[in-house]
Amino acid sequence: MSTEPASLNHLQVLYQSNDYIVLEKHWDIRIDSKMWYEKVTVQAQLRQRFPELADPNTYYGFRFCHQLDFSTSGALCVALNKAAAGQAYHCFKERTVTKVYIALLRGWVEVENQTLDFSIGKNSSEGKTHMMCIEGTEGCENPKPCQTELTVLEYGLYDGEPATKVLLKPLTGRTHQLRVHCSAIKHPIVGDFTYSLGSDDAPYRMMLHAYLLRIPLKPQPLLVSTEDPFTPTVDPKWHPERSIRTLQDTVVAVLDRRLEEERLLEEEKQRALQEKNKKCVWRKQQKAEEGEEQTRQCQEWLNEWGGDL
């Protein structure tokens with residue numbers, strides 16, 4: 001990913017089939033917009049690159065399976081038909097989708113593996129109506145449970161200041177969840193202009209990137225990853241000093257754990273199905289035995305009644 005701003009003609013496609021396109025969304029670009037002055041959006045890029053795939057029956061021409069913030073870059077899935085969109089929507093609704101982000105955080109995060117567990121609600125305070133906040137913050141409305149897994153990858157310096165490269169795995173999907181959770185532990189994302197209240201404006205972008213996306217579609221899961229944009233080659237201001245674990249090994253561990261969870265869930269479904277089938281067979285046997293008993297009693301009554309004639 002380049003450090004140059006987004007352009008209408010530059011669209012990086014990571015995966016394409018008859019049902020889906022997975023592209024690498026640029027930083028500082030909206031997915032869609034009806035505002036006349038916003039010429040460069042993901043929607044406009046798709047229309048420019050794939051005009052034949054635009055669907056006039058949809059509001060924006062394309063079915064975006066999920067969202068990424070304006071400032072966030074990375075893997076974004078687009079469904080190319082209604083059936084594909086429905087299948088992906090079901091996976092997102094059931095929270096079976098695996099999303100892995102990488103980020104640079106301000107300061108050195110001491111706890112290398114942790115689950116951030118802060119309920120998040122809308123901030124109703126004056127001047128902050130487009131922001132979210134954690135439960136207990138003044139003006140926090142309708143907070144809902146949120147969990148994010150954080151794993152430290154590297155410690156280093158960004159533009160001479162302490163910074164930590166981390167892997168973030170959201171277990172829920174709230175608005176601005178990763179940004180709010182990182183701010184809540186006093187390690188905001190480098191370049192997060194909004195949640196630094198405008199003070200962190202030196203970096204060319206916010207350092208949050210959707211690195212990997214796995215959607216357990218049937219019969220074959222969709223699995224796409226991107227390049228790591230937070231390297232000295234891409235951004236010389238980032239100087240890693242100490243590596244804790246590699247990105248590749250950490251992602252493999254995340255996927256292995258997810259596959260194990262899916263295996264256990266499938267086994268549980270099979271056990272539940274077998275138990276249901278057993279109950280069905282038992283009920284049929286019961287009904288059959290009850291029917292035989294009723295037939296026998298009825299026959300005895302007919303024999304007794306016939307003997308009285």
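Helices (H or I, at least four residues) and strands (E, at least two) are DSSP runs, numbered from the N terminus. This is a predicted model, where local features need pLDDT of at least 70, side-chain atom pairs count only at pLDDT 80 or more, and totals for chains, interfaces and linings use all residues. Residues are numbered from 1 along each chain as its sequence is written, and side-chain values use heavy atoms, with hydrogens and water left out.

**Exercise 1.** Find where Y37 is located, and decide whether Y37 is buried, partly exposed or exposed.

*Solution.*
- Step 1: look in the loop between β2 (20-25) and α1 (42-49); that's where Y37 is.
- Step 2: apply the cut-offs: buried is under 20% relative accessible area, exposed is over 50%, and partly exposed is in between (1.4 Å probe, protein chains only).
- Step 3: Y37 has a relative accessible area of 48%, so Y37 is partly exposed.

**Exercise 2.** Place E149 in its strand, classify E149 as buried or exposed, and name the partner of its side-chain polar contact.

*Solution.*
- Step 1: go to strand β10 (residues 147-158), which holds E149.
- Step 2: E149 has 19% relative accessibility, so E149 counts as buried.
- Step 3: a polar contact is a pair of N or O atoms within 3.5 Å; within protein, one must be able to donate a hydrogen and the other to accept it, and residues adjacent in sequence count only if both atoms are side-chain atoms.
- Step 4: the partner is R257, whose side chain meets that of E149 at 2.4 Å.

**Exercise 3.** Which strand gives the most to the largest nonpolar core?

*Solution.*
- Step 1: a nonpolar core is a set of buried Ala, Val, Leu, Ile, Met, Phe, Trp, Tyr and Cys residues joined through side-chain atoms within 4.5 Å.
- Step 2: the largest one has 49 residues, and L105 and L150 are among those with the most contacts inside it.
- Step 3: strand β5 (residues 98-106) gives the most to this core, with six residues.
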